[in-house]
Amino acid sequence: MPELPEVEYTARQLRALIVGAAIQEAHVFWTRTIGYPDWHDFCAEIVGRRIEGVRRRGKFLLLDLSGDFFLSIHRRMSGNLLLLSPGWQIDTSLRETDNAAWQTRGPTFLPPTATDVAYSRETSHCRVCFDLADGRRLLYTDPRKFGRMELWPCFSEAEALHGLGPEPLEDAFTVEHFAEELAKRKTVIKQVLLDQSVVAGVGNIYADEALFYAHIHPLRRANSLNASEIDALREGIISVLALGIEHGGTSFSDYRDLAGKAGNNFDHVRVFQQDGKPCVRCGTLIERRVIAQRSTHFCPTCQQLIAE
DNA sequence: ATTTAGACCTGTCAGC
DNA sequence: TGCTGACAGGTCTAAA
């Protein structure tokens, strides 16, 4: 679900709120969410550690823990983080009465006061819960259960994050590197932008937005782009990601921030899920078509598929 | 060597 | 009202 801007926004919020907090207890409600190590070991190893920092790498959220370990979280399609103030109770009784429902929806979180009831809906589908020593709870919710969480010693960071390309918003994302990667690939550019080893953090929304920015048709072969197109595309990636962060991420259904609030970048999107609406540049109706197994949106006038 | 279906999962919404 | 199919921010694996 979240792409780089959404993860970055979460990281910034979380950094301000939980650095210094200690994990007192870990509850795992859907064991497959824990990718490494085995969930029993995961719980035993993470308990007692202090959160010393919050970082992001591509679409991974990384929590640096005391004792030279770090927790990596990848939310995939529907994963989310929620920070609860002290006083919430966990009700696991559904487990006994209706195990199937419990497996899908997770435990029920009971709010301490009437004003917190507003967040109740966001607490469903909880897969992992960390009880912090100060009484707060950090919840990982994920309706579709695709997301993964892993606990690694710091010296294994390279191994844990293997195959990730450069950070698009850092100096490492040079035109030279980008051009080199594109020249190696004869597949359609849309697919290449989704490849995390080329650039880390771009997903379906921002791939479409970056291509629109650069006037490039999503079906163009990556190795057919000329120098000025590559430059424009790189610029497009950087600017649409930066804009996404500024607007608190793009949310259109279940993406929420740490307090359960939606981001508003969807109001600033130019082509993503805008099919049938007029292009903001030329008025042509935006088209939708499946490319690289993903729904793709573009302006057929601004983004020409020129002969190669 | 690539490209492409299928898996993994649940929720929501449109159409009948 | 209820059922069915399409679709959703991602990534890995197996088959073509």
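This briefing covers the surface around DNA strand B, an open sheet with two helices against it, and the residue N204. The model is predicted. Eleven named positions, from W30 to Q293, surround the DNA strand and are listed below. The sheet has 5 strands with mixed pairing, and N204 is a buried residue in helix α8.

**Surroundings of DNA strand B**

- The residues around DNA strand B are W30, R32, T104, H125, P143, R144, K145, F146, K186, T187 and Q293.
- By class, this surface is made up of 3 nonpolar, 4 polar and 4 charged residues.
- Sugar or phosphate accounts for 69% of the atoms of DNA strand B within 4 Å of the protein, and bases account for the rest.
- The side chain of R32 places an N or O atom 2.7 Å from a phosphate oxygen of DNA strand B.
- K145 also faces a phosphate oxygen of DNA strand B, with a polar side-chain atom at 2.9 Å.
- At P143 the polar atom belongs to the backbone, and a sugar or linking oxygen of DNA strand B lies 3.4 Å from it.

**The open sheet**

- Strand order in the open sheet is β2-β11-β5-β4-β3, and the pairing is mixed.
- Strands β2 (34–36) and β3 (51–57) form the edges, each pairing on one side only.
- On average, neighbouring strands of this sheet are turned by 25° against each other, direction ignored.
- Strands β2 and β11 (residues 148–153) run parallel and are joined by 2 bridges.
- I34 has M149 in β11 as its bridge partner.

**Helices against the sheet**

- Helix α1 (residues 4–18) packs on the sheet, where it touches β3 and β4 (60–65).
- The direction of α1 makes about 170° with that of β3.
- Helix α2 (residues 39–46) lies across four strands, namely β2, β4, β5 (69–74) and β11.
- Relative to β11, helix α2 runs at about 55°.

**N204**

- N204 is found in helix α8, which spans residues 204–213.
- The relative accessible area of N204 is 10%, under the 20% cut-off, so the residue counts as buried.
- Leaving aside residues up to four places away in sequence, N204 touches E3, K190, L194, F272, R294 and S295.
- With K190, one of these residues, N204 shares a side-chain to side-chain polar contact of 2.6 Å.

Methods: Residues are numbered from 1 along each chain as its sequence is written. Chains are lettered from A and ligands numbered from 1 in the order in which they are written. This is a predicted model: local features need pLDDT of at least 70, side-chain atom pairs count only at pLDDT 80 or more; totals for chains, interfaces and linings use all residues. Side-chain values use heavy atoms; hydrogens and water are left out. A residue is near a molecule or strand if one of its heavy atoms lies within 4 Å of it. A polar contact is a pair of N or O atoms within 3.5 Å; within protein, one must be able to donate a hydrogen and the other to accept it, and residues adjacent in sequence count only if both atoms are side-chain atoms. Ala, Val, Leu, Ile, Met, Phe, Trp, Tyr, Cys and Pro count as nonpolar, Asp, Glu, Lys and Arg as charged, and the others, Gly among them, as polar. Buried means under 20% relative accessible area, exposed over 50%, partly exposed in between (1.4 Å probe, protein chains only). Contact means heavy atoms within 4.5 Å. Two strands pair if DSSP finds at least two bridges between them. Axes are lines fitted to C-alpha atoms, for helices over the stretch in contact, and angles run from 0 to 180 degrees between N-to-C directions.
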